Amino acid sequence: EGGHWRELVVRTTSHGHTMAIITFHPQQLGQEALATQKALLKEFFASGPGAGCALTSLYFQESTMTRCSHEQSPFQLLYGEPHIFEDLLGLKFRISPDAFFQVNTSGAETLYRAVGELSQADGDTVLLDVCCGTGTIGLSLARHVSKVIGIEIVEKAIEDARWNAAFNGISNCEFHSGKAEAVLPQLLSSWEDTRPLVAVVNPSRAGIHYRVVRAIRNCKAIRRLLYVSCKPEGEAMRNFLELCCPPDPGKKLVGEPFAPVLAIPFDLFPHTVHCELVLLFSR
């Protein structure tokens, strides 16, 4: 049909939900041909041979690129429910098609428990959850801290995070939508709260923006930082160096340097060489 599609299936273990997202490269197809493709896909999964997949949600996205956000090209629900749900650490989480959620739920529970313990957060602590996704880390630790502030670039993930907080009866969380490098410096430059502030960053393979590192370095209230990295040898290594190097006025890194305290790998991806690494920095 002059186009091709690839399929991404997200399965949640505890509810048996399956969401299929079909990213279609339209190339030269007109709107009529695209509508036909959508109708055929819906029929295939709703009542045809694909019905055996018992999909909870079937999404369609027209994309000229390999990876495309909802804002660039909307996810169109062809069939089923708009969201899937997962249970994690006694909480229920709603997941949108483009919201990040760890694929290995039981592994993620172990990871987030460790983050909670390493943060040494108590009832007086404010937890800063940078790249928070659907709010998993912040919400799972919310009952142990005074307040959670989450920041996330994916708009739909923030909508999920707010829904997840409300559904689980958690009222001490606030979520900010936008790029961390835009939101965080503004938030921290006017920080006057006297409560202890602990930061958790859980970025993509690209690591965090230099302006985020600088904002964390230059905020005296942050004494402990937990960095959750899926590719520590990549761009994240640059972040570690920037967090720990001596003060450098030329780079506007004037805050006291952090020191790496410990690193713990978590095998969230069995049968692969990859792992999730949690690094604790303090100063």
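I will talk about three helices, H5, H6 and H7, and how they pack in this predicted model.

Let me start with the pair H5 and H6, where H5 covers residues 180-189 and H6 covers residues 210-217. Their axes lie 8 Å apart and the packing angle is about 15°, and since angles under 35 degrees count as roughly parallel, the two helices are therefore described as roughly parallel to each other. As for the handedness, H5 passes H6 in a left-handed crossing. On the H5 side the contact is made by Ala 180, Glu 181, Leu 184, Pro 185 and Leu 188, and on the H6 side by Arg 211, Val 212, Ala 215 and Ile 216. Sorted by class, these residues comprise seven nonpolar and two charged ones, with no polar residue in the contact of H5 with H6.

Turning now to the other pair, the axes of H6 and H7 come within 10 Å and cross at roughly 30°, which makes H6 roughly parallel to H7. Here, however, the crossing in which H6 passes H7 is right-handed. From H6, the residues involved are Tyr 210, Val 213, Ile 216 and Arg 217, and they meet Asn 239, Glu 242, Leu 243 and Cys 244 of H7. The contact of H6 with H7 is made up of five nonpolar residues, one polar residue and two charged residues.

Which residues of H7 are buried? In this helix, residues 235-244, they are Ala 236, Asn 239, Phe 240, Glu 242 and Leu 243. Because they cover an arc of only 165° around the axis, they sit on the same side of H7. A general point is useful here: an α-helix has 3.6 residues a turn, so residues three or four places apart point the same way. The buried residues of H7 pack against H6, and also against strand S11 (222-229) and strand S13 (276-282).

I would like to finish with one residue of H6, Ile 216, which is listed in the contact with H5 and again in the contact with H7. With a relative accessibility of 0%, Ile 216 counts as buried, because the cut-off for that term is under 20%. Leaving aside residues up to four places away in sequence, Ile 216 touches Leu 184, Leu 188, Val 201, Ile 222, Leu 225, Leu 243, Phe 258 and Arg 283. Finally, Ile 216 and Pro 185 are 31 residues apart in sequence, while their C-alpha atoms are 8.1 Å apart in space.

Notes. Residues are numbered from 1 along each chain as its sequence is written. This is a predicted model: local features need pLDDT of at least 70, side-chain atom pairs count only at pLDDT 80 or more; totals for chains, interfaces and linings use all residues. Side-chain values use heavy atoms; hydrogens and water are left out. Buried means under 20% relative accessible area, exposed over 50%, partly exposed in between (1.4 Å probe, protein chains only). Helices (H or I, at least four residues) and strands (E, at least two) are DSSP runs, numbered from the N terminus. The arc is that of the directions from the helix axis to the C-beta atoms. Contact means heavy atoms within 4.5 Å. Axes are lines fitted to C-alpha atoms, for helices over the stretch in contact, and angles run from 0 to 180 degrees between N-to-C directions. Angles under 35 degrees count as roughly parallel, over 145 as roughly antiparallel, 65 to 115 as roughly perpendicular and the rest as oblique. A crossing is left-handed if the near helix is turned anticlockwise from the far one by less than a right angle, and right-handed if clockwise. Ala, Val, Leu, Ile, Met, Phe, Trp, Tyr, Cys and Pro count as nonpolar, Asp, Glu, Lys and Arg as charged, and the others, Gly among them, as polar.
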